[in-house]
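User: I am new to this structure and would like a close look at a single part of it. Please take one residue and work outwards from there.

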Amino acid sequence: MKPLALKSLAKKSYLGLIYCLLYFPILVLILYSVNNARFSLQWHGFSPRWYGELFHDRALWSAFFHSVMLGLNASIISTAVGLLACVHLFLNRSYKRRSLFAMLLLLIIIPDLVLGVALLIFFNVFLIPLGFFSLLIAHVTFSIPFVVLTINSQIHTLDPNIYFSALDLGASRHKALSKILLPMLWPAVLSAFLLCFTLSFDDVIISYFVAGPDFSILPLTIYSLVKAGVTPELNALCSITFLISMILVIIAHRLTRKSS
Amino acid sequence: MKIKPFSIHFIFAWVFLFGFIPLCLVVIASFLTKDHVNLVSLPLTFSNYKELFSPLFAKVFFRSLIIALMTTVCCLLLAYPFSYLLAKSKHKSVLLVLIIIPFWTSSLIRTYSLIAILKFNGILNVILLKAHLINQPLSLLYTNFAVITGLVYNLFPFMVLPIFTNMERFDFRLIEAAKDLGANKWAIFFRVFLPNTSGGIISGCLLVLLPAMTLFYIPNVLGGARSVLLGNMIQNQFLVLENWPQGAATSVILTVLLLLLLFLYRHHGKGVIH
């Protein structure tokens with residue numbers, strides 16, 4: 001019995017070690033962000049003062065609002081476009097399914113860097129100024145495959161005949177969609193929306209290429225600060241950003257799991 | 001019965017216009033000449049590709065490949081036993097969510113969080129000094145070690161997820177059967193378990209290897225002057241040197257490499273099935 005117990009302990013500690021390694025740096029980051037000292041490694045007591053200083057930084061606020069606005073717009077557009085496509089593919093046997101999925105797969109496997117470069121060239125060729133709209137187009141483009149994947153995996157647990165019976169019973173198409181299909185899909189839709197938002201809110205690589213000087217967004221602001229070095233204010237900023245995306249991801253995950 | 005037909009045309013139009021066409025433009029741009037006024041100009045040329053065979057590029061490429069390969073090997077060695085334990089665990093779903101969370105959150109922030117641990121008077125050095133394993137602090141930050149640590153830390157979930165998915169589908173009764181037929185531990189692992197999970201290993205390696213060459217901000221944040229990856233090179237060519245055709249050619253080579261690996265993977269995958 002003893003070697004077995006030892007073995008199970010070893011297994012548990014390996015799992016535990018990996019999770020520690022994964023979350024330890026973030027934990028350290030959050031701890032330092034509330035440490036009452038600028039340069040010290042030692043613990044000097046809890047203080048929210050670095051968060052207070054962030055609060056007065058107007059450039060940071062504007063970048064934050066830009067990011068939220070961009071994230072909301074990008075997620076609304078990509079979720080809507082993706083949802084329409086998924087519903088269409090679900091109810092109709094479309095010959096376009098294969099080519100659509102091939103293109104989406106291409107978007108997923110292409111490195112972000114190459115997509116960023118490609119969009120930069122595209123915006124230059126078609127004289128689209130770099131700024132809000134270039135970022136919006138880029139963010140919708142890289143979110144769409146994730147929306148389709150999320151909603152598509154959910155929609156296949158449903159029976160298309162539910163929709164067609166509603167039509168047979170006299171519901172209009174609009175009603176059958178809004179009263180029958182969408183209520184069953186909304187957890188997946190919301191989850192796709194939240195995931196898009198976090199993707200957009202955290203994206204560095206693609207935004208780096210297609211952002212303009214007049215429209216600063218949070219991840220790029222963080223990037224320029226990170227390159228300058230470690231400060232407690234930056235720790236605070238990163239902790240907030242990390243926690244926001246973590247909460248959204250957990251909600252998104254719970255939504256899809258509950259419904260399936 | 002038809003839903004309004006434009007619902008699918010819209011996504012088609014979007015993906016085609018903002019996904020497919022830009023990617024074609026990269027290929028076109030890679031054959032053009034650098035121009036100081038318009039960034040690119042007409043005479044078609046292969047010189048951007050010829051340039052890529054120069055010793056300087058070859059050096060960056062191989063360094064990048066070695067860093068990416070080391071990252072992949074580290075990820076695999078850590079993730080393979082981990083995925084096995086995960087697939088066997090009773091609390092699978094919770095543990096899985098904890099692995100997926102980093103996948104969706106900002107990798108820049110997670111990279112930044114490593115600085116406090118790796119820096120000269122950082123936590124790792126303090127711990128090693130306290131444990132009397134070293135006499136003076138090691139300079140870990142701004143080295144290739146830091147870059148690989150950062151890459152492994154960021155890409156670990158990409159290795160775990162495919163291997164885990166594969167192991168979860170593995171029929172563990174096969175191991176019992178092998179035991180009954182008299183196989184020893186090594187034979188069970190190398191002739192039953194490993195071949196059956198090789199699909200997951202290969203997809204995991206692809207998902208780690210390729211991003212490892214392109215995540216340009218990790219070397220920028222954690223690496224030194226010598227840690228230049230392919231991604232940093234493309235970034236420099238576009239935004240610092242403003243040599244777009246050269247950057248486009250590098251991107252094309254990167255993409256071709258990727259498609260080649262994927263093709264080999266599919267080919268291999270088919271071989272396994274038949």
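Analyst: Leaving aside neighbours within four places in sequence, B:A212 is in contact with B:I67, B:A68, B:T71, B:T72, B:L151 and B:L155, where contact is taken as C-beta atoms, placed from the backbone, within 7 Å. This is a predicted model, in which local features need pLDDT of at least 70 and side-chain atom pairs count only at pLDDT 80 or more, while totals for chains, interfaces and linings use all residues. Residues are numbered from 1 along each chain as its sequence is written, and chains are lettered from A in the order in which they are written.

B:A212 belongs to helix α10 (residues 198–214) of chain B, helices being DSSP runs of H or I with at least four residues, numbered from the N terminus. The axes of α10(B) and α7(B), lines fitted to C-alpha atoms over the stretch in contact, come within 8 Å and cross at roughly 160°, on a scale from 0 to 180 degrees between N-to-C directions. The two helices are therefore roughly antiparallel, the word for angles over 145 degrees.

Among the residues of α7(B) that meet α10(B) are B:L151, B:L155 and B:F158, and the α10(B) side includes B:L207, B:V208 and B:A212.

B:A212 is also among the residues with the most contacts inside the largest nonpolar core, which has 144 residues; such a core joins buried Ala, Val, Leu, Ile, Met, Phe, Trp, Tyr and Cys residues through C-beta atoms within 7 Å, buried meaning 20 or more other C-beta atoms within 10 Å. Helix α7 (residues 144–169) of chain B gives the most to this core, with 15 residues.

Notes:
A residue is buried if 20 or more other C-beta atoms lie within 10 Å of its own, exposed if 12 or fewer, and partly exposed in between; C-beta atoms are placed from the backbone. Two residues are in contact if their C-beta atoms, placed from the backbone, lie within 7 Å. Angles under 35 degrees count as roughly parallel, over 145 as roughly antiparallel, 65 to 115 as roughly perpendicular and the rest as oblique.
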